[in-house]
Amino acid sequence: MPKNRSGGGLTGTQQAAKFLGVSVLSGAVLAGIALPAAGALGLAAKGTVQGFDEIPANLKTPPLSQRTSILDSKGGQIATVYSRDRTVVPLKDISPYIQKAIVAIEDSRFYEHGAIDLKGVLRALNRNAQSGGVSQGASTLTQQYVKNVFVEEAGDDPDKVAQATQQTLGRKIQELKYAIQVEEELGKKKILENYLNITFFGEQAYGVEAASQRYFSKSAKNLKVEEAAMLAGIVQSPSRYDPVNDKQEATKRRNTVLQRMAEVRDISQAEADRAKATPITLKVSKPKNGCITAVNGAGFFCDYVREVFLSNPVFGKNKEDRAKVWNQGGLTIRTTLDPQAQKSAQESIKNHVYQTDSVATAVTMVQPGSGKIMAMGQSRPYGFGKTETQINYSVNKQLGGSNYGFPTGSTFKPFVAAAAIEQGRPPTQVYPAPYKMPYPGVQTCSGKPWVNTENAEVPNENKSEVGPYALKEAMAKSVNTYFVQMIADIGMCPVMEMTSKMGVVQGNGEKLPEVPAISLGSKGLSPLTMANAYATFANRGTYCTPTAIESIATADGQSLQVPKSSCNKVMSERTADTINTLLRGVIDSGTGQQAGLQSRDNAGKTGTTDARRNAWFVGYTPNLSGAVWVGSPTQQVKMENITIGGVWQQKVFGGQVPGPIWRDAMRGALDGQSAPTFISVPIPDQPKEKGKPGGKPGNKPGDNRGQGNGGQQPWPGISIPPDLLGGNDRGGKGNGGANGGWPNPG
């Protein structure tokens, strides 16, 4: 069945039924239009022109739905999104040929009649009677425009569309009254402009500009006469006269339009004949709608922008209001995405993790001090294919991410250290840190202790990792038992308060649980959360909420309010500088050596979780923070004896696969940028017994004599909290299962 135009008029027979009794009773003429008989209009109860005048005529023309352009920070286009592919243009930017063609074929007496063409109705009746069927309709351009307004207002709601196009007598009367209003208020030129911008031209193109771009890849102002005639011919039945699918039928229709243009003297017969002899030559531009068309792998960032728009009250009081604005479109959204950083991130991803690998990676970069998201990409592209996904691994569930995020492993440890330093613990703090120990009891924010009812134990990665350790070495080596003892020393509440102020929540949006295993990254977080939290260290203790949108302009050039980043001091500069110094050690001599940047100050932390299902590297320079996650989105793949990016890995560590991804992504993102330095805090190395790193490895956990001098304090000014020597002195039996898994270090 051919798809009729959404604003097309009634058939001649239907028009006859409505206008057969042209008003004899009233004899009234309104705006030069002969009104139908009162009875035929259903106005018998009123019986007068006054009754017709009392029908409401308050047509409110909605802004036309248009395409929205999403741009990067430099003004480059990321993607276009729309519910209607339409670009509204003024009449001066529309070829005179298409203006004349549409009038000639749809309403040749457009400039001579009012809202309804009585001569056209009579002509249609006569021709239809002669043909014995329906060969000609009688709707004017104004009436078609009014119908299109109803359809546009209905949007994609099928019930509203059906109501807007219903062929009832009452509806036609209302349309007539609206048409009169439009004629009086707009005038012919504006009606024609609006019609050309609202009508459907097939192939998902609404309005003449989109149609010209779709079929000929050119602006509507540059259309030739034969091209204009083809577009004008499509309007009556976009599916039947679609030149992409049936060029022969489209050619016949085009030639009909050309001949009609000659008959009404818009062009000469010779011009019409030359145009008819010209074959239809298309240069089709395929529709590019949605984040799936985004450049440089920015589809997920594009989708994140959409999710932010639909969820933020800045753009509307409720979800329905925000969706209406988004679907209305016509917006120019300039985002924070840096094209250089995005390109570098995507290239690094492709070089290290293949789309077809059994695991995936996600990379997110944030600018310290502003919260601007500079890059966001992942190895599985945005799409619907086998190795594609619409889940954004970089963000929380509420904004299109995975259900829970991904356990972060040891990348959580700097949060514990920052909380401890803020509580007054020195950066030289020493804990026994045995190879393995039961989880100790820990004070919670409620004042009730968490107790290890299942006697669950936490080991270090290697049996050779036996304390005592000071913070500097424990951070560089990512010693699990050290940080479990640290959180037992200071309690859970300082850590909960610190992470809350740094915007750290689980991937499902819930607060972190108060269990000691949290110090080892047992709960799922998103790469954006991690990159932005680490940006707080780079920004010397000031946390800024993440932001993706710089500005929004409407189709008429008005600026919309956008959500701004809010920044708050969450730790002292001294604490942040201390963490920066500690994390520089991770890259210089610790688990993150493969991730280091040689040309500028940088710091970071590795992380690997239980059974190597997740591996992380989160790092930063003073002017850019980045988080890299590698793992199975379903958490089903153990990354041992596995090939990733064409390289076989016996065991995956945070510094081994995510680290090089981070290094290469950051290197390209920062190329040509300034290289500011961190402010270092002097942290003395832990004294070692000659020939034995950190004391005698054979000592039992909690044995204070294992520090090399018969139980006396081995280092002046460095103390070991006495209640931690046994590893479980505050513990007991209860609720060990609340830990949620025991991550390995990375």
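**Exercise 1. Describe how strand β3 is joined to strand β5, and place both in their sheet.**

Step one: strand β3 (residues 68-71) and strand β5 (residues 332-335) run parallel and are joined by three bridges; here two strands count as paired if DSSP finds at least two bridges between them, and strands (E, at least two residues) and helices (H or I, at least four) are DSSP runs numbered from the N terminus. The model is a predicted one, in which local features need pLDDT of at least 70, side-chain atom pairs count only at pLDDT 80 or more, and totals for chains, interfaces and linings use all residues. Residues are numbered from 1 along each chain as its sequence is written, while side-chain values use heavy atoms and leave out hydrogens and water.

Step two: within this pair, Leu-71 stands opposite Arg-334 in β5.

Step three: the open sheet has five strands in the order β4-β3-β5-β17-β18, with mixed pairing. Because β4 (77-81) and β18 (559-560) stand at the edges with a single partner strand each, one side of each is left without a neighbour in the sheet.

Step four: helix α13 (residues 299-311) lies across β3, β4, β5 and β17 (549-553) and runs at about 55° to β4, where contact means heavy atoms within 4.5 Å, and angles, from 0 to 180 degrees, are taken between the N-to-C directions of axes fitted to C-alpha atoms, for helices over the stretch in contact.

**Exercise 2. Work out which strands stand at the edges of the sheet β7-β6-β22-β21-β20, and which helices lie on it.**

Step one: this open sheet of five strands has antiparallel pairing. Its edge strands are β7 (373-378) and β20 (603-608), each of which pairs on one side only, and the twist averages 10° from one strand to the next.

Step two: β20 is joined by six bridges to the antiparallel strand β21 (residues 614-621), in which Tyr-620 is the bridge partner of Ala-603.

Step three: helix α20 (residues 527-538) packs on the sheet, touching β6 (360-366), β7, β20, β21 and β22 (624-631), and its direction makes about 35° with that of β21. Helix α21 (residues 573-589) lies across β20 and β21 and runs at about 65° to β20.

**Exercise 3. Find which residue takes a positive phi in the hairpin of β23 and β24.**

Step one: strands β23 (residues 640-644) and β24 (residues 647-651) pair in the antiparallel sense over four bridges, and Ile-642 has Gln-649 in β24 as its bridge partner.

Step two: two residues lie between the strands, and Gly-645 takes a positive phi near 60°.
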